[in-house]
Amino acid sequence: MDVFRIEGPVRLSGTVTVNGSKNASLPIMAAAVLAPGKSVLKGAPRLSDISVFSQLLTDIGCKVAREANGNISIDSTAIGKPVGEYDIVRKMRAGICILGPLLARCGKAQVSMPGGCAIGYRPVDIHLRGLRELGAEINLENGYIVADAARGLQGNEIFLGGPFGSTVLGTANVMMAATLAKGTTVIESAACEPEVADLANCLNKMGAKITGIGSPRLVIEGVKQLRPFEYQVIPDRIEAGTFMVAAAITKGCLHINNCRLQDLMAVVDKLRHIGVTVEAEKSGPLRREASEAGCIVTCSGRVRSTDITTQPYPGFPTDLQAQFMALLALADGNSIIIEKIFPDRFMHVAELSRMAADLRKEGSAVIVSGVDKLIAAPVMASDLRASAALVLAGLAAQGTTIINRVYHIDRGYEKIEERLNPVGAKITRESA
Ligand code: EPU
């Protein structure tokens with residue numbers, strides 16, 4: 001297991017480039033199952049989660065290859081067994097989004113029920129409710145979701161909201177299944193996340209008829225068949241947001257390439273509010289049609305405190321909550337961070353506290369009292385975003401931070417040390 005040794009404090013300055021989105025790539029890879037033939041995904045990051053998903057596709061009978069130019073080709077001509085095995089799905093919960101495509105393609109599917117997760121209890125009841133409303137019969141057997149739609153799926157009006165709002169992968173699953181259902185499906189309370197919109201755009205390129213993309217009401221007119229895709233995935237907004245915080249926490253200046261500011265409005269708003277300058281590379285308002293070219297993030301002093309509540313898109317993303325906690329730990333004043341998507345997603349609180357952050361957890365909120373400095377310590381990476389917060393804290397802390405279990409970071413950030421070191425970070429990867 002690798003560890004990171006991070007020397008701090010540093011000031012970051014220079015250019016970083018955002019990779020393709022992990023969370024958009026995974027469901028798009030699943031969509032390849034909907035159309036027999038060879039699909040090509042461009043721009044997918046080289047991450048362990050992508051490799052595990054490739055393994056899942058290979059296991060069901062697809063031929064998956066990473067080509068020399070970085071494209072991932074998925075030949076789904078033959079599906080041998082429509083089964084998402086426990087040994088693969090337990091490594092990555094996103095494996096659940098193979099369920100809808102397999103069911104639509106094969107008329108039946110079995111996918112291991114995802115188990116525990118570092119960020120809290122994550123049920124899939126809404127996925128199953130949606131697929132049942134499309135006519136599937138679904139049972140749980142030996143830890144597997146066993147779904148049957150021998151007579152085909154039938155379009156329906158479906159409400160996909162839950163206790164925490166919409167569901168990203170639930171919407172993806174039901175939307176993918178509905179593309180091949182008979183008749184029209186209306187999904188109310190659909191997730192509006194850019195990753196869901198990207199999947200819908202890819203499905204339309206495959207011949208699906210989806211309208212309302214990016215809104216909470218998706219209308220999907222079922223078609224008889226889809227064709228394989230060649231598709232470029234969107235930039236990763238969470239990686240972009242993490243780089244923005246890296247610039248802010250080191251009082252540095254980063255030019256962030258391949259970043260769609262229009263996907264990060266809530267984050268940019270918060271950064272500006274606490275005193276960080278975020279400029280679109282091509283000046284102008286951050287509209288939907290704004291350029292993907294990039295932005296420049298500058299922070300010249302200590303940030304101000306603020307309140308953050310995580311929400312479904314377009315609200316502030318839960319996937320940047322931990323990184324902002326690291327930043328606000330050094331703010332001038334007291335902040336409050338409320339987690340409304342995953343109320344237990346606070347594995348980073350204890351580790352940041354080991355670095356002298358002043359944090360007090362109250363239910364699903366954390367009160368962050370800004371301190372003058374963070375002090376390096378050995379810490380443990382837990383989930384992916386919590387680990388990113390520790391890297392950010394390490395950049396700003398006095399001394400040498402050692403982060404154990406770096407594989408968590410590798411799940412979501414491709415060689416983060418090789419991308420931050422050229423702009424001033426001092427991160428060494430060591431094999432423990
Ligand atoms: N929920 C239910 N029932 C369901 C599905 C979800 O109650 O059937 C609840 C969840 O427990 C949670 C809320 O609804 O409280 C939202 O969960 P959602 O289903 O949207 O999460 P997800 O689709 O499983 C994706 C991302 C996560 C990201 C969340 C929220 C992927 C592969 N994962 O998960 O990303 O945090 O949406 O935006 O797209 C990460 O990248 O680090 C990560 C965890």
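In the predicted model, Met325 touches Ile337, Phe346, His348, Val349, Leu352, Leu359, Val366 and Val368, when residues up to four places away in sequence are left aside. Met325 belongs to helix H10, which spans residues 321-328. The relative accessible area of Met325 is 0%, and this residue is therefore classed as buried, the cut-off being under 20%. Arg132 is 193 residues apart from Met325 along the chain, and the C-alpha atoms of Met325 and Arg132 are separated by 39 Å.

Elsewhere in the chain, four strands form an open sheet of mixed pairing, arranged in the order S4-S5-S3-S14. The edges of this sheet are occupied by strand S4 (63-66) and strand S14 (230-232), each of which pairs on one side only. On average, and with direction ignored, neighbouring strands of the sheet are turned by 15° against each other. Within the sheet, an antiparallel pairing joins strand S3 (residues 38-42) to strand S5 (residues 72-75) over four bridges. In this part of the structure, Leu41 is found opposite Ile72 of S5.

Two helices are associated with these strands. Helix H1, formed by residues 22-31, packs on the sheet and touches S3, S5 and S14; the direction of helix H1 makes about 175° with that of S3. Helix H2, comprising residues 48-60, lies across S4 and S5, and runs at about 155° to S4. Strand S5 is thus touched by helix H1 and also has helix H2 lying across it.

Technical notes
Residues numbered from 1 in each chain as written. Predicted model: local features only at pLDDT ≥ 70, side-chain atom pairs only at ≥ 80, totals over all residues. Heavy atoms only, no water. Pairing = 2+ DSSP bridges. Axes fitted to C-alpha atoms, helices over the stretch in contact; angles between N-to-C directions. Contact = heavy atoms within 4.5 Å. Buried < 20%, exposed > 50% of the residue type's maximum accessible area, 1.4 Å probe, protein only.
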